[in-house]
Amino acid sequence: WYTVASETNAHDPNLVCTQLNFAPKNADDKYSDVEYLASYNKGASPSGEHVDAAGLFTPTSDDFTVPGQAPYQLEIPVGMGIPAQDFFFVASDGDANGEGISAVVTYSCPKDGKNSQMFLLSRTPSFASRTTRATLEKRAGAAMSNFDAHDFTLIDQPVACEYRYSFNTVV
């Protein structure tokens, strides 16, 4: 996954070539822990210092349909130092069966309820089509009553980026 937009309060213009990889520890168990890997460059340049981060999504229960309950806790101790926080996949551009997903909206919220962060992720360094972002925002708005209160900044994904991950993993 590539970070193509971030909530403005979470945006750091010095980070480019941002890429994420989510890998279930047990692909046969939909409630498996999911490894979180991140890769990016500092200095607003593809040749800037490279940073890797690692963490873990831990399911909060064996039922992802409980209203208001975050399906995961996300903790990123390596490379970012982010403590466990509620994590949601808010919307995607896929169909009702989860097919055809090229982009998702994610939302993380610390336990204190402050400094929540939302990201638009894509399977390519930019949105797959002109309508992908609009579709995501419409669906996220239907899923979250305060979605319109979140402002986004596009993330720079220069052509010169050297990405670390391939994309066989499905969320």
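The questions and answers below deal with a predicted model.

User: How are residues numbered, and which features of this predicted model count?
Analyst: Residues are numbered from 1 along each chain as its sequence is written, and side-chain values use heavy atoms, with hydrogens and water left out. Totals for chains, interfaces and linings use all residues, while side-chain atom pairs count only at pLDDT 80 or more and local features need pLDDT of at least 70.

User: Is Asn21 buried or exposed?
Analyst: Asn21 lies in strand S2, residues 16-24; strands (E, at least two residues) and helices (H or I, at least four) are DSSP runs, numbered from the N terminus. Buried means under 20% relative accessible area, exposed over 50%, and partly exposed in between, with a 1.4 Å probe and protein chains only. At 12% relative accessibility, Asn21 is therefore buried.

User: Which residues form the salt bridge?
Analyst: A salt bridge is a side-chain nitrogen of Lys or Arg within 4 Å of a carboxyl oxygen of Asp or Glu, and the structure holds one. Its partners are four residues apart in helix H1 (residues 132-143), so about one helical turn separates them. The N to O distance is 2.9 Å, and the residues are Arg133 and Glu137.

User: Which strand gives the most residues to the largest nonpolar core?
Analyst: A nonpolar core is a set of buried Ala, Val, Leu, Ile, Met, Phe, Trp, Tyr and Cys residues joined through side-chain atoms within 4.5 Å. The largest one has 17 residues, and Val90, Val105, Met118, Leu120 and Phe147 have the most contacts inside it. Strands S1, S6, S7 and S8 and helix H1 each give two or more residues. With four residues, the strand that gives the most is S7.

User: How is the ring pair of Phe57 and Tyr72 classed?
Analyst: Rings of Phe, Tyr and Trp (its six-membered ring) pair if their centres lie within 6.5 Å; planes under 30 degrees apart count as stacked, over 60 as edge-to-face and the rest as tilted. The search of the whole structure finds 14 aromatic pairs. In this one the centres are 5.6 Å apart and the planes are at 65°, so the pair of Phe57 and Tyr72 is edge-to-face.

User: Which strands does the pair of Phe88 and Tyr107 tie together?
Analyst: The ring centres of Phe88 and Tyr107 are 6.0 Å apart and their planes are at 40°, so the pair is tilted. Phe88 is partly exposed at 22% relative accessibility, whereas Tyr107 is buried at 12%. The pair ties together parts 19 residues apart in sequence, in strands S6 and S7.
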